[in-house]
Amino acid sequence: MTALSGHPMAPRPYRLRSRRRETHDTVTLSLDPLDGSVAACQPGQFNMLYCFGIGEIPISVSGQARPDGPVLHTVRSVGAVSAALCRLRTGEVIGLRGPFGAGWGLDGADGADLVLIAGGVGLAPLRSALAFALANRRRFGRLVLLVGARSPQDLLFARELRRLQTRPDVQVAVTVDRGAPGWGGSVGVVTQLLPAARFDPASALALVCGPEVMMRFSATALLGRGLGAEQIRVSLERNMKCAIGWCGHCQLGGEFVCRDGPVNTWAQAAPLLQVKER
């Protein structure tokens with residue numbers, strides 16, 4: 001054990017157990033800790049994944065089959081580190097720090113109708129919340145999942161979504177910005193799915209994740225359905241670098257996204273998102 005063991009800036013080695021391609025540019029990594037001990041992640045939290053010699057980035061946890069692992073992260077290739085993560089081969093080792101940040105807070109939502117709204121890769125951070133809700137189905141009321149993607153080819157977890165659509169206790173609706181040959185589903189923005197969503201605004205809790213513009217429009221639509229700003233939670237991800245509020249890169253107003261978020265109520269997030277992204 002080194003002197004840095006347990007330090008929040010010291011990555012621990014994790015080995016890639018398996019790699020599943022989700023779309024042409026997105027993969028899900030299944031990671032096991034080399035020391036056999038993994039900290040359980042709450043739905044909505046994130047880890048810092050480190051490719052040695054390249055760098056590290058924050059990636060939300062997209063699933064954890066059991067408290068001792070493996071940990072799942074769904075990564076879209078958009079930069080040097082994420083591209084390296086997407087190229088990993090089974091057995092290769094990366095560094096991991098975490099878990100960090102505030103989660104979706106589902107432990108305090110007993111009895112609520114849950115409305116999950118995902119845009120693009122924003123479905124990945126919501127996947128663990130969905131799994132928690134399904135594993136504890138009797139603790140919640142209605143369960144609604146609304147998903148938007150750029151195209152049918154960009155839709156994450158397509159097989160899982162099809163299985164969910166067969167469940168009588170879950171309402172699932174999917175839309176894409178542009179259709180394709182063979183696509184028989186909805187075409188348009190994800191907010192157009194909200195009018196048909198079945199939930200009680202008085203008892204609902206909405207979890208929203210996706211591009212900022214999508215979250216703003218979704219929050220506005222949810223307010224229009226009668227939810228209060230405290231009943232809407234969104235996940236932010238701007239400029240996170242250190243994960244513990246030291247470097248200041250992710251500061252928005254008086255908040256550090258990595259430490260005080262990434263999940264915030266809309267009452268907290270709305271003024272923060274007035275700050276233009278650099």
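In the predicted model, six strands close into a barrel in the order β1-β2-β5-β4-β3-β6, and their pairing is antiparallel. From one strand to the next, the twist averages 45°. Helix α2 packs on this sheet, where it touches β1, β4 and β5, and its direction makes about 35° with that of β4.

Strand β1 takes part in two pairings within the barrel. With strand β2 (residues 26–33), β1 pairs in the antiparallel sense over eight bridges, and Ser18 stands opposite Ser30 in β2. The connection from β1 to β2 is a hairpin that passes through two residues. With strand β6 (residues 93–100), strand β1 (residues 12–23) is joined by four bridges, and these two strands likewise run antiparallel. In this second pairing Arg15 stands opposite Val93 in β6, while Tyr14 stands opposite Ile94 in β6.

Strand β6 also contains Pro99, and the peptide bond that leads from Gly98 to Pro99 is cis, with omega near 5°. Both Gly98 and Pro99 belong to the lining of the largest cavity, together with Tyr14, Val38, Ala39, Cys41, Asn47, Val71 and Leu96. This cavity holds about 30 Å³ of space, and the count of cavities of 30 Å³ or more comes to one. Among the elements that contribute to the lining of the largest cavity, β6 gives the most, with three residues. By class, the lining of the largest cavity comprises seven nonpolar and two polar residues, with no charged residue.

The aromatic pairs in the model number three. One of them is formed by Phe46 and Phe100, whose rings are tilted, with 5.9 Å from centre to centre and 40° between the planes. This pair links distant parts of the chain, since Phe46 is placed in strand β3 (residues 46–51) and Phe100 in strand β6, 54 residues apart.

A further sheet is open and consists of seven strands in the order β10-β9-β8-β7-β11-β12-β15, with mixed pairing. At its edges are β10 (186–187) and β15 (263–265), each of which pairs on one side only. Within this sheet, strand β11 (residues 204–209) and strand β12 (residues 232–235) run parallel and are joined by three bridges, with Leu207 standing opposite Arg233 in β12. Helix α2, which packs on the barrel through β1, β4 and β5, packs on the open sheet as well, touching β7, β8 and β11. The direction of α2 makes about 155° with that of β7. Helix α4 packs on the open sheet too, with contacts to β7, β11 and β12, and its direction makes about 165° with that of β11.

The largest pocket contains about 1300 Å³ of space. Its lining is made up of 48 residues, of which Val121, Gly122, Gly210, Pro211 and Glu237 lie nearest the centre of the pocket. At least two lining residues are supplied by each of β4 (55–64), β5 (71–76), α1 (80–86), β7 (113–119), α2 (123–135), β8 (143–149) and α4 (212–224). The contributors to this lining thus include the barrel strands β4 and β5, and also β7 and β8 of the open sheet. The greatest contribution comes from α4, which gives six residues to the lining of the largest pocket. Sorted by class, the residues of this lining divide into 24 nonpolar, 14 polar and 10 charged.

Some features of the backbone remain to be described. Most residues other than glycine have a negative phi, and most peptide bonds are trans. Besides the cis bond that precedes Pro99, the peptide bond from Gly261 to Pro262 is cis, again with omega near 5°. Whereas Pro99 is found in a strand, β6, Pro262 lies in the loop between α5 (257–260) and β15. Phe157, a residue other than glycine, has a positive phi, near 50°, and is found in the loop between β8 and α3 (158–164).

Notes: Residues numbered from 1 in each chain as written. Predicted model: local features only at pLDDT ≥ 70, side-chain atom pairs only at ≥ 80, totals over all residues. Heavy atoms only, no water. 1 Å grid on protein atoms, 1.4 Å probe; cavity = no way out; pocket = protein on both sides within 12 Å on 5 of 7 lines; lining within 4 Å. Points joined across faces, edges and corners; volume = space filled by probe spheres on them. Nonpolar A, V, L, I, M, F, W, Y, C, P; charged D, E, K, R; others polar. Pairing = 2+ DSSP bridges. Axes fitted to C-alpha atoms, helices over the stretch in contact; angles between N-to-C directions. Contact = heavy atoms within 4.5 Å. Phe/Tyr/Trp six-rings, centres within 6.5 Å; stacked < 30°, edge-to-face > 60°.
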